[in-house]
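Visitor: I've got a model open and I'd like to learn how to read its charged pairs and its surface. Could you walk me through it?

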Amino acid sequence: MNLKASVVKRFRSFAKKIAGSQSEALEKMIDFFEWHGFKPNDRFVDSILEEIRKNRKRTEANIAILRDIEVTQTKPSNIMLLSLFGENLKQQEPVRREKKLIQKPKPPQKEIDITVPKIRYERLQDEMRGLSQDFQYVLGKVRLVKSSFGKPYLKLEISRSELARYKRKASKSISGE
């Protein structure tokens with residue numbers, strides 16, 4: 001490479017400032033131009049403005065993603081936690097800026113009186129008592145196990161056949177058989 005003495009002197013002083021050796025300095029300079037897409041023949045101002053526009057678009061996209069996460073995940077979770085711990089919640093309007101559908105008032109529906117025969121009612125009460133007793137039995141068989149590793153957990157101390165029987169009984173009563 002043929003270089004003027006003034007350019008070599010200037011490059012050596014510049015290389016001392018940014019890198020340990022002249023080869024590293026030259027490599028860093030080439031990497032910089034390749035990374036940012038600058039070309040020696042282009043006007044530097046245009047390239048910088050283009051980079052600023054690209055970065056602005058990326059930033060706006062990131063902001064949109066963060067806002068969406070805040071609206072769909074963070075705020076509902078925060079409200080659930082506050083309600084769980086009994087904090088007074090103020091009714092807040094939805095944050096989403098979507099078009100709200102205007103609901104027309106529905107005509108009032110006639111209330112239907114549902115009467116249950118006394119025999120069916122007594123049978124349901126007996127079934128409820130039986131389920132309550134079974135539930136109390138199962139809860140009585142739950143033990144706290146403190147592990148030396150990790151968190152303590154609950155252990156159910158009943159046989160598999162008992163568990164299957166309680167599952168069948170519960171599903172039968174739910175389905176109304």
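Guide: Sure. Keep in mind that this is a predicted model. Let's begin with one acidic residue: at 47% relative accessibility, Asp126 counts as partly exposed, because that value falls between the 20% and 50% cut-offs.

Visitor: Which side chain does Asp126 meet in a salt bridge?

Guide: The general idea comes first: side chains of opposite charge can pair when their charged atoms come close. Here the partner of Asp126 is Arg129, with 2.6 Å from N to O. Arg129 is also partly exposed, at 47% relative accessibility.

Visitor: Where do Asp126 and Arg129 sit in helix α4, and how are they separated?

Guide: They are three residues apart in that helix, so about one helical turn separates them.

Visitor: How many salt bridges does the count come to?

Guide: Three. Another one joins Asp134 and Lys169, whose closest N and O atoms are 2.7 Å apart. Asp134 belongs to helix α4 and Lys169 to helix α5 (residues 160-175), so this pair ties together parts that are 35 residues apart in sequence.

Visitor: Is Asp134 buried or exposed?

Guide: Buried: its relative accessibility is 17%, and the cut-off for buried is under 20%. Its partner Lys169 has a relative accessible area of 40%, so Lys169 is partly exposed.

Visitor: And what about Arg143: which side chain does it meet in a salt bridge?

Guide: That would be Glu157, at 3.5 Å from N to O. This pair links distant parts of the chain, 14 residues apart: Arg143 is in strand β1 (residues 142-145), while Glu157 is in the loop between β2 (153-156) and α5. Arg143 counts as partly exposed at 39% relative accessibility, and Glu157 is partly exposed with a relative accessible area of 39%.

Visitor: Okay, on to the surface. Which residues make the nonpolar surface patch?

Guide: For a patch, look for nonpolar side chains with over 30% relative accessible area, joined within 5 Å. In this model, Ile112, Ile114, Val116 and Tyr121 make one of about 490 Å².

Visitor: Let me zoom in on Ile112. Where does it lie, and is it buried or exposed?

Guide: Ile112 lies in the loop between α3 (44-84) and α4 (118-140). It counts as exposed because its relative accessibility is 72%, and the cut-off for exposed is over 50%.

Visitor: So what should I pull up side by side?

Guide: Try the pair Asp134 and Lys169, with its buried acid, and then the patch that includes Ile112.

How values were computed. Residues numbered from 1 in each chain as written. Predicted model: local features only at pLDDT ≥ 70, side-chain atom pairs only at ≥ 80, totals over all residues. Heavy atoms only, no water. Patch = residues over 30% accessible without salt bridge, like charges linked within 9 Å, V, L, I, M, F, W, Y side chains within 5 Å. Areas by Shrake-Rupley, 256 points an atom, 1.4 Å probe, with all protein chains shown as cover. Salt bridge = Lys/Arg side-chain N within 4 Å of Asp/Glu carboxyl O. Helix = DSSP H or I, 4+ residues; strand = E, 2+ residues; numbered from the N terminus. Buried < 20%, exposed > 50% of the residue type's maximum accessible area, 1.4 Å probe, protein only.
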